[in-house]
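Hi everyone, thanks for making the time. I'd like to walk you through one model today, starting from a single residue and working outwards.

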Amino acid sequence: MMSIRKALALFLCSVCLLLQGCTAWQVNQLASSLSTLGPEHTLAQLEKIDPPSRDKAQYLLNRGLLKLYTGDLTGSREDLAQAKDIMSSLQAVSLTENFAALTTNETLRSYTGSPSDKVLVHVMLALGYLMDGDMDGARVEMLQANITMKQESDGETESGQMASARFIAGMIFELQREYDDAYISYERAYNILQARGEHIPEALQTSLLYLAKRQGRKQEYRSFVKQFGHEAPVIGKGLGEWFVIYHDGVVSKKSETRLSV
């Protein structure tokens, strides 16, 4: 018969494993209320949560994004940069952690970031730099995002490939007057959307047409005109162009799956 001490130890172990899902549940609740309560209130509630160390990267990603929404650019940059460093350092996960996750519960494994997380952290940092007027900082982040997307892709899948990230990189290159690099980024965004059978947004159409014409890519320009059904817009002397970036909704909730062995 199991001794009282062993039974108590087993009970405490079970309680600990159950508590591991609490942080994710709390964050999911906050994500659901973000659209109604707003980023300021959601950030205040998020900061009341003390996440376990293995969830620190995910927590910092959420907090850094909310700080970006509320205009705390310095705080956002610090959180996102720390999350980026944690995800990078956890690529070489310890044997002990992997064994614990395999034999007990997947939630014992540290959150190393999904492929999209690893790209989006660069995008959010780049946007923060843009809002702060730091073009060089934004450019560096998008160069790093490009490296990350190459690393996440095995040449056969589209894991980690984000058309929006490619578009923002193109926008930053264009603002820096690096027109060839801007065109390449826009073209990569176009190729990703084409491969997925998605509609090409008007903003991307305009950018491709304008730069193809500007850089003398006559064959590509004619092909895009035929596909999109319109010519490149003519920007009058002394006029400019607005880039408007907006965020719509939140990502799908992460759910927990258990397997007791």
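Let's begin with H122, which sits in helix 6. Before going further, please keep in mind that this is a predicted model. Is H122 buried or exposed? Its relative accessibility is 5%, and since buried means under 20%, H122 counts as buried.

What does H122 touch, once residues up to four places away in sequence are set aside? The list is K84, E141, M142, Q144, A145 and T148. There is also a backbone distance to look at: the C-alpha atoms of H122 and A138 lie 8.7 Å from each other, and 16 residues separate the two along the chain.

Now let's follow those contacts out to the helices. H122 appears in the contact of helix 6 with helix 7, and again in the contact of helix 4 with helix 6.

I'll take helix 7 to start with. Helix 7 covers residues 135–152, and its axis is 7 Å from that of helix 6, at a packing angle of about 170°. Angles over 145 degrees count as roughly antiparallel, and helix 6 and helix 7 are therefore roughly antiparallel to each other. On the helix 6 side, the residues are P115, K118, V119, H122, V123, L125, A126, Y129 and L130. Facing them from helix 7 are M135, G137, A138, E141, M142, Q144, A145, T148, M149 and E152. If you sort the residues of this contact by class, you get twelve nonpolar, four polar and three charged.

Next is helix 4, residues 73–89. Its axis and that of helix 6 come within 10 Å, crossing at roughly 155°. That angle makes helix 4 roughly antiparallel to helix 6, and the crossing is left-handed. From helix 4, the residues in contact are L73, R77, L80, A81, K84 and M87. Helix 6 answers with D117, K118, V121, H122, M124, L125, G128, Y129 and M131. Here the classes come out as nine nonpolar, two polar and four charged.

Helix 6 has another partner to show you, helix 8. Helix 6 spans residues 115–131 and helix 8 spans residues 163–175; their axes come within 10 Å and cross at roughly 30°. How are the two oriented? That crossing angle makes helix 6 roughly parallel to helix 8. Helix 6 passes helix 8 in a left-handed crossing. V119, V123, A126, L127 and L130 come from helix 6, while helix 8 supplies A165, I168, M171 and I172. What classes do these residues belong to? Nine are nonpolar, with no polar and no charged residues in the contact.

Moving on along the chain, let me stop at two loops. R177 is in the loop between helix 8 and helix 9. For those of you who check backbone torsions, R177 has a positive phi of about 65°, and it is not a glycine. As background, most residues other than glycine have a negative phi. R177 is exposed, with a relative accessible area of 65%.

The other loop, between helix 9 and helix 10, holds H199. This histidine has 63% relative accessibility and counts as exposed. Beyond its neighbours within four places in sequence, H199 is in contact with L193 and Q205.

That brings us to helix 11, residues 218–228. Which of its residues are buried? They are Y221, F224, V225 and F228. Looking down the axis of helix 11, these buried residues fall within an arc of 100°, so they line one face of the helix. They pack against helix 9 (179–195) and helix 10 (202–214). On the other side of helix 11, Q219, R222 and K226 are exposed. Just after helix 11 comes G229, with a positive phi of about 80°.

Finally, let's zoom out to the whole chain. There are eleven helices and zero strands. Of the 261 residues, 38% are buried. As for contacts between residues at least 6 apart in sequence, 56% of them join residues at least 24 apart.

To come back to where we started, H122 is buried at 5% relative accessibility, and it sits in helix 6, the helix we saw roughly antiparallel to helix 7 and roughly parallel to helix 8. Thanks for listening!

How values were computed
Residues numbered from 1 in each chain as written. Predicted model: local features only at pLDDT ≥ 70, side-chain atom pairs only at ≥ 80, totals over all residues. Heavy atoms only, no water. Axes fitted to C-alpha atoms, helices over the stretch in contact; angles between N-to-C directions. Helix = DSSP H or I, 4+ residues; strand = E, 2+ residues; numbered from the N terminus. Parallel < 35°, antiparallel > 145°, perpendicular 65-115°, else oblique. Left-handed = near helix turned anticlockwise from the far one by under 90°. Contact = heavy atoms within 4.5 Å. Nonpolar A, V, L, I, M, F, W, Y, C, P; charged D, E, K, R; others polar. Buried < 20%, exposed > 50% of the residue type's maximum accessible area, 1.4 Å probe, protein only. Arc of directions from axis to C-beta.
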